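Reader: I'm new to this one, so could you take me through a single part of it closely? I'd like to look at the place where the protein meets DNA strand D.

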There are 2 protein chains.
Amino acid sequence: MKPPRSSKKDVFLRYKLWLSAVSGEGIIEENQYLLLRSIEEKGSLKAAAEVLGTSYRKAWGDIKNAEELLGYELTEKQRGGIDGGKSTLTSKAKKLLEAYDALHKKMDTAIEDAYEDFKESIK
Amino acid sequence: MKPPRSSKKDVFLRYKLWLSAVSGEGIIEENQYLLLRSIEEKGSLKAAAEVLGTSYRKAWGDIKNAEELLGYELTEKQRGGIDGGKSTLTSKAKKLLEAYDALHKKMDTAIEDAYEDFKESIK
DNA sequence: CCGCGATATGTAATAAAACACATATCGCTA
DNA sequence: TAGCGATATGTGTTTTATTACATATCGCGG
């Protein structure tokens with residue numbers, strides 16, 4: 001297998017989408033989205049963090065940060081009790097996830113549409 | 001001036017767009033774009049870095065990295081000579097900037113279009 | 001042929017972000 | 001009421017990214 005005649009390498013377009021507060025800080029991006037979805041599924045922050053392979057400490061901090069910047073709660077927390085505690089999504093969080101989903105789909109479409117033109121124009 | 005009744009803060013959508021190599025590493029994003037534009041204008045990497053308020057060392061490293069990942073030169077470098085040296089854009093770099101511009105405009109439009117829907121759906 | 005100013009590049013110092021670890025609190029259940 | 005498991009949070013440690021500093025090379029012009 002010989003190397004390609006041209007030394008040009010394949011190039012891809014990537015983008016990252018996030019919600020930010022006026023300060024410019026991030027609130028919700030891919031990781032937080034996945035974390036919230038995972039909480040929704042598992043019913044606990046601890047289990048959700050494990051699924052994503054991240055630490056409870058970080059997951060907790062991310063949620064706290066997002067809630068503070070948004071100004072409202074994303075999760076309903078419960079300490080103690082039969083299973084030690086749990087976390088569930090608030091209705092606002094669910095709405096947010098749906099909206100994020102829809103937005104991401106639109107952006108995906110936009111970038112797909114633009115990708116061919118892009119590749120053509122850098123030839 | 002009293003605080004708003006609601007504790008909700010304004011939220012904005014932000015995105016970052018970049019070219020990446022297969023490895024997933026970034027090549028060109030906003031900073032590199034601005035750096036290249038600045039080189040185009042100033043005719044030197046040193047002057048361009050100063051304009052952007054960054055160090056020559058970092059600017060040089062960024063360009064080098066991008067060129068290695070792309071597999072072709074973005075700048076024509078000249079050491080020594082009447083003015084000590086200079087850097088100018090290759091035609092490929094110019095094409096890349098144009099393509100990046102066009103892409104960014106399309107994405108801006110897409111996100112603008114989606115923004116109102118987004119805000120509405122998280123109410 | 002020396003000095004100027006820009007490119008070229010290694011390495012040390014610093015700052016910022018992530019992660020690891022420790023500890024406290026809560027409410028059910030045995 | 002002691003213990004279990006999850007939430008809650010401070011703090012030290014490590015990793016990573018950025019900046020700073022130092023030095024070399026190049027080619028023209030005086």
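Author: Let's start with α3(A), which gives the most to the surface near DNA strand D, with 4 residues. Here "near" is said of a residue with a heavy atom within 4 Å of the strand, and helices (H or I, at least four residues) and strands (E, at least two) are DSSP runs, numbered from the N terminus.

Before going on, a word on what you're looking at. This is a predicted model, where local features need pLDDT of at least 70 and side-chain atom pairs count only at pLDDT 80 or more, while totals for chains, interfaces and linings use all residues. Residues are numbered from 1 along each chain as its sequence is written, chains are lettered from A and ligands numbered from 1 in the order in which they are written, and side-chain values use heavy atoms, with hydrogens and water left out.

Back to the DNA. There are 22 residues around strand D, and those that come nearest are L45(A), Y56(A), R57(A), W60(A) and G84(A). On the DNA side, 63% of the strand D atoms within 4 Å of the protein belong to sugar and phosphate.

The bases get some attention too. R57(A) has a polar side-chain atom 2.6 Å from a base oxygen of DNA strand D. With G84(A), a polar backbone atom sits 3.0 Å from a base nitrogen of the strand. Chain B joins in through G80(B), whose backbone N or O atom is 3.0 Å from a base oxygen of DNA strand D. The elements giving two or more residues to this surface are α2 (45-52), α3 (56-70), β3 (75-79) and β4 (85-89) of chain A, plus α3 (56-70) of chain B.

Sorted by class, the surface has 10 charged residues, 8 polar and 4 nonpolar. In that count Ala, Val, Leu, Ile, Met, Phe, Trp, Tyr, Cys and Pro are nonpolar, Asp, Glu, Lys and Arg are charged, and the others, Gly among them, are polar.

How far can you trust chain A here? Its mean pLDDT (the predictor's confidence in each residue, from 0 to 100) is 89, and 91% of its residues reach 70 or more. Go easy on residues 1-7 of chain A, though: pLDDT stays under 50 there.

Finally, the two chains also meet each other, with 38 residues from chain A and 38 residues from chain B in the contact (heavy atoms within 4.5 Å).

Definitions and conventions. Polar contact = N/O pair within 3.5 Å; in protein donor to acceptor, adjacent residues only side chain to side chain.
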